[in-house]
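Welcome, and please take a moment with the sequence and the model below. A short briefing follows.

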Amino acid sequence: MTRPGTDDEVRREVTATERRLHPVTPFRRAWAPVAVLIGWALHDPDGAHRQLTRLTTTTILIALAVVIPAAALYGFLSWWFTHFAVTGTELRIRTGLLFRRTAHIRLERIQAVDVTRPLLARVAGVAKLRLDVIGTDKKDELAYLGEADARTLRAELLARAAGFAPETAHEVGEAPEQRLLHVPAGVLAVSLLLTGATWATLAAALVVPPVLWFFTHNLWTVVATAVPLLGAAGASSVGRFVAEYDWTVAESPDGIRIDRGLLDRAHETVPPGRVQTVRIVEPLLWRRWGSSRSSGAESGGGWVRVELDVAGSSNSVLLPVAPREVAERLIARVLPGVTVPPAASLSRPPRRAGRCMPLWWRGHGLTVTDTVFVARHGLLRRSLALVPHAKVQSVRQEQGPWMRRWRLAHVHVDTGANKTVTARLRDAEEAARLLRAQAERSRTGRRDARPDRWMA
């Protein structure tokens, strides 16, 4: 007995045209053998230096004459043996020179398709396509495609993931978008200067190396310590500014779109219905800065950062910095029907929680609304987590011996993004009631939730 449509599907599978990546790709892949040598030199600099001193100029020239053509040949062959095709049901990617690998990506399991353009790729007019697929931690990618081809393929994949027929997917094109907000470069720069982590890492990078030199007088020890510290200081300030420059958020039928980057441009999509947790982060100086320019943090002023936990996706930042009221309006777009509760509605742990966590217990808070489980932690750097009831996978209660002594307990809420939100230091009886009630809210929330579907 033949299933209806089987012959057509098989025919489309067979006749799917395989395509190659952009011809500039071999130059990128030719660096792989060279990168191995560089990695060895960085891992064992003394050994690399000894080996280089033993080589004559003639030997080095001969080695270069062999390595460079070999690297070029490797890049060409790896590009030549890489193909991809969009069939009736999947995106098929075949790679491998000696060991062949074929990735079969089911179209209905694609939840996000991001387009990234590193600096050199922008100069060459190419782009990288990265795919978030349900059930996988690592992103599959196609690097590189022409910029126009990347946009066209992205639109086709999203259309097919939304359920459009293969014959009409090419005609759908890129979904329209509505721009919601843009983060000015000046605001981003000031926010980084007001972040304590930036100054802490910079101070460590300036203070620790001289102290080590004073005690050890060992140059390699100082360099091995100073380089990571300087790298961390740069990543927390300059690196973040470069990565989050020109941050633009737009809304489209296929989700919330994010464009960002000074040198490397990235076009990312937060898929609809896949957001498990939203976090509102408030560093101390951001609250003070906002209160000096508006009516105060308690009345909605101040700057915040909005972070996300998305199931099966690496997209983790929705908004690097914005006034709180702007951030709350954007969160309402990501979580329809959810309103961020005011700070006054959060209940603190009982005063005896100070026996377990002196002073810092005041930074914890909890409230539960009809739509979300909300927990706050942090005194200097506040973080408010919102978990829709439909996204809760499990609820757990934790109580150590010292907490039992003071009749306290933690309540953990686990989400589909393998992350946990915790209501800390609650009264033990309250925690038990919360455990039972949250389990019921999660069950009914999943039953009433809308399906996670592209362009629904």
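Which helices do the buried residues of H10 pack against? They pack against helix H9 (185-193) and helix H11 (219-244). Please keep in mind that this is a predicted model. The notes below look at helix H10, then at a sheet and the helix on it.

**Helix H10**
- Helix H10 covers residues 196-216, which makes 21 residues.
- At 1.5 Å a residue, H10 should span 30 Å, and its end C-alpha atoms are indeed 30 Å apart, so the expected and modelled spans agree.
- Thr198, Ala205 and Pro209 are buried in this helix.
- After H10 comes His217, which has a positive phi, near 55 degrees.

**The sheet S17-S18-S19**
- Three strands form an open sheet in the order S17-S18-S19, and their pairing is antiparallel.
- Strand S17 (392-398) and strand S19 (420-427) are at the edges; each has a single partner strand, so one side of each has no neighbour in the sheet.
- On average, neighbouring strands of this sheet are turned by 15 degrees against each other, with direction ignored.
- Strand S18 (residues 408-415) runs antiparallel to S19, and 6 bridges join the two.
- His412 has Thr422 in S19 as its bridge partner.

**The helix on the sheet**
- Helix H15 (residues 428-448) packs on this sheet and touches S17, S18 and S19.
- The direction of H15 makes about 170 degrees with that of S17.

Terms used:
Residues are numbered from 1 along each chain as its sequence is written. This is a predicted model: local features need pLDDT of at least 70, side-chain atom pairs count only at pLDDT 80 or more; totals for chains, interfaces and linings use all residues. Side-chain values use heavy atoms; hydrogens and water are left out. Helices (H or I, at least four residues) and strands (E, at least two) are DSSP runs, numbered from the N terminus. The expected span of a helix is 1.5 Å times one less than its number of residues. Buried means under 20% relative accessible area, exposed over 50%, partly exposed in between (1.4 Å probe, protein chains only). Contact means heavy atoms within 4.5 Å. Two strands pair if DSSP finds at least two bridges between them. Axes are lines fitted to C-alpha atoms, for helices over the stretch in contact, and angles run from 0 to 180 degrees between N-to-C directions.
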